[in-house]
Amino acid sequence: MGGISPLPGVPPRQPLRAPATPQGQGTGRERLGYRGPSACAAAGITYRQLDYWARTQLVQPSIRPAHGSGTQRLYSFQDILVLKIVKRLLDAGVSLQSIRTAVRALRSADLAELAGLTLMSDGATVYRCESPEELAELLRGGRGVFGIAVGAVWGDVEAALARLQAERVDTGEAVGGAGHPSDELARRRQRGAR
């Protein structure tokens, strides 16, 4: 069905809204997780931003949240994709309320669906566009908008994560990469211990 629409559960030509219940995400395939420093490096954010967004529940890790001091958060590929999109939306001046709505919708969507999606925003509302016709329809109203091609962000995140270490969710075994990038908090702790 054509038309500008939000993620699943909302009629076409409406702002992006989160569906009432999350959809499943292919649980049969091997899942990898990424610790905070790797998530930061791939999303292009600081550890301080990552920590703040997790504590304020803007973007929390779906694999393993932090449970007190010393535990490591573990982020999925989709979490990191959302982190990078949030950064771009914030940099563009989109309202935090719209970003929170977009995050809920992106997190509950099937991962495969996200690759072909373009998010458009006029700064106040985030819309979903899946074709050039939908983009033209959005522009007909004379609004100034900007877009984020989720597929392009996907490629950026995938390329960044290929160089970073991951962790098998089931065993905790380290996979690939040259190691985790330095973590700001760990560096501070080391300096304080000297």
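# Notebook: salt bridges, core and a few single residues

I began with a pair in helix 3: Asp-91 forms a salt bridge with Lys-87, and their closest N and O atoms are 2.9 Å apart. For a salt bridge I asked for a side-chain nitrogen of Lys or Arg within 4 Å of a carboxyl oxygen of Asp or Glu. Asp-91 and Lys-87 are four residues apart in helix 3, so about one helical turn separates them. Asp-91 is exposed, with a relative accessible area of 58%, while Lys-87 is partly exposed at 21%. My cut-offs here: buried is under 20% relative accessible area, exposed is over 50%, and partly exposed lies in between (1.4 Å probe, protein chains only).

A note on the ground rules before going on. This is a predicted model, in which local features need pLDDT of at least 70 and side-chain atom pairs count only at pLDDT 80 or more, while totals for chains, interfaces and linings use all residues. Residues are numbered from 1 along each chain as its sequence is written, and side-chain values use heavy atoms, with hydrogens and water left out. Helices (H or I, at least four residues) and strands (E, at least two) are DSSP runs, numbered from the N terminus.

**More salt bridges**

I wanted the total next, and the count comes to nine salt bridges. One of them joins Glu-167 and Arg-64, with the closest N and O atoms 3.5 Å apart. Glu-167 sits in strand 6 (residues 166-168) and Arg-64 in the loop between helix 2 and strand 2 (74-75), so this pair ties together parts that are 103 residues apart in sequence. I checked both ends for exposure: Glu-167 is buried, at 6% relative accessible area, and Arg-64 is partly exposed, at 30%. Arg-35 joins in too, as Arg-35, Arg-64 and Glu-167 are linked in a network of salt bridges.

I then looked up Arg-128, whose side chain meets that of Glu-113 in a salt bridge (2.8 Å, N to O). This pair links distant parts of the chain, with Arg-128 in strand 4 (residues 126-129) and Glu-113 in helix 5, 15 residues apart. Arg-128 is buried, with a relative accessible area of 8%, whereas Glu-113 is partly exposed at 24%.

**Helix 2**

Which residues of helix 2 are buried? In helix 2 (residues 47-55) I found Tyr-47, Leu-50, Trp-53 and Ala-54. Seen down the helix axis, these buried residues fall within an arc of 130°, so they line one face of helix 2. That arc is taken over the directions from the helix axis to the C-beta atoms. On the face turned away from the buried side I noted the exposed residues Arg-48 and Arg-55. After helix 2 comes Gln-57, which has a positive phi, near 65°.

**The nonpolar core**

The largest nonpolar core has 41 residues, and Ile-80, Leu-83, Ile-85 and Leu-114 touch the most other members. I grouped a core as buried Ala, Val, Leu, Ile, Met, Phe, Trp, Tyr and Cys residues joined through side-chain atoms within 4.5 Å. Which elements give two or more residues to this core? My list reads helix 1 (36-43), helix 2, helix 3 (77-91), helix 4 (96-108), helix 5 (111-114) and helix 7 (150-162). Helix 3 gives the largest share, eight residues.

I followed Leu-83 further, taking contact as heavy atoms within 4.5 Å. Leaving aside neighbours within four places in sequence, Leu-83 is in contact with Ala-39, Ala-43, Ile-45, Leu-50, Trp-53, Val-59 and Tyr-75.

**Cysteines**

How many disulfides does the structure hold? I counted zero, looking for pairs of cysteine sulfur atoms within 2.5 Å. Cys-40 is buried at 6% relative accessibility, and Cys-129 is buried at 3%.

**Ser-76**

Ser-76 is in the loop between strand 2 and helix 3. Buried or exposed is Ser-76? With 7% relative accessibility, Ser-76 counts as buried. Not counting residues up to four places away in sequence, Ser-76 touches Arg-31, Leu-32, Tyr-34, Ser-62 and Ile-63.

**Ala-149**

My last stop was Ala-149, in strand 5 (residues 146-149). Ala-149 is partly exposed, at 38% relative accessibility. Ala-149 touches Leu-117 and Thr-118, again not counting residues up to four places away in sequence. From Ala-149 to Thr-118 I noted 4.4 Å, C-alpha to C-alpha, with their positions 31 residues apart in sequence.
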